[in-house]
Amino acid sequence: ENENCNVNNEKINHTHEDDNDCTTSVNCLVCDLVLVEAKEKHEDQNLDGICDNCEYKFDYIFDETTNTYFVFNEIGLYEWKNNSWKGVNLTLLRDIELPKEMNFDLDSDGIKDSNWQGVRTSCTIEGNGYSIKGLIIKSTLEQDFQGFITRLDEGGKIKPD
């Protein structure tokens, strides 16, 4: 009751609203006293896709020590794809269903171009028994390499289970 409060002298409880996000502090709405400190970042030690401290849901977790994207959904998969050329590893932690609109982007000529062609990597891909569904590959005769992974360079591995 108004401990450390410099706004109100009468004994009243601090009032607050909690957004249930552990990376934002909980402050008194009257005096702005910090009632709960904010965490530096969300944590997911058991890799279930939900923050250990709040209800935040991860698209992916990137582990710098193993150079691995642990992917929970289509947004995380797309993030890995955009960095796959760096040789970062991929581990699926759920089945992923790609919506049609995630398969193509309009290029500068207004022609739809596949988001998934040309993935070349030297990483390890671990499926853990999960699958990627709804993947559409745009095929043209001019391209030599077609597929989710168009070229697996030396040192690369695909482990479905």
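Leu 47 sits in the loop that runs between β2 (34-36) and β3 (60-63); helices (H or I, at least four residues) and strands (E, at least two) are DSSP runs, numbered from the N terminus. The model is a predicted one, in which local features need pLDDT of at least 70, side-chain atom pairs count only at pLDDT 80 or more, and totals for chains, interfaces and linings use all residues. Residues are numbered from 1 along each chain as its sequence is written, and side-chain values use heavy atoms, with hydrogens and water left out.

With a relative accessible area of 32%, Leu 47 is partly exposed, where buried means under 20%, exposed over 50% and partly exposed in between (1.4 Å probe, protein chains only). Neighbours within four places in sequence aside, Leu 47 is in contact (heavy atoms within 4.5 Å) with Ile 61, Phe 70, Phe 72 and Leu 93. Phe 70 is 23 residues away from Leu 47 along the chain, yet their C-alpha atoms are separated by 8.0 Å.

Leu 47 and Phe 70 also appear in the lining of the largest pocket, together with Lys 41, His 42, Glu 43, Asp 44, Gln 45, Phe 58, Ile 61, Phe 62 and Asp 63. A pocket, on a 1 Å grid over the protein atoms alone, is an open set of points where a 1.4 Å probe fits, with protein on both sides within 12 Å along at least five of seven lines; lining residues have an atom within 4 Å of a point. The space in this pocket is about 280 Å³. β3 gives the most to the lining, with 3 residues.

Turning to the interior, the largest nonpolar core has 13 residues, and among those with the most contacts inside it are Val 71, Leu 77 and Trp 80. Such a core is a set of buried Ala, Val, Leu, Ile, Met, Phe, Trp, Tyr and Cys residues joined through side-chain atoms within 4.5 Å. At least two residues of this core come from each of β4 (68-71), α1 (74-83) and β5 (89-92). Another core, of 8 residues, lies apart from it and includes Cys 22, Cys 51, Phe 70 and Phe 72.

Two residues stand out for their backbone. Asn 20, in the segment before β1 (26-27), has a positive phi of about 60° although it is not a glycine, and is exposed at 53% relative accessibility. Asp 32, in the loop between β1 and β2, is likewise not a glycine but has a positive phi of about 70°; its relative accessible area of 51% makes Asp 32 exposed.

Note on methods
Points joined across faces, edges and corners; volume = space filled by probe spheres on them.
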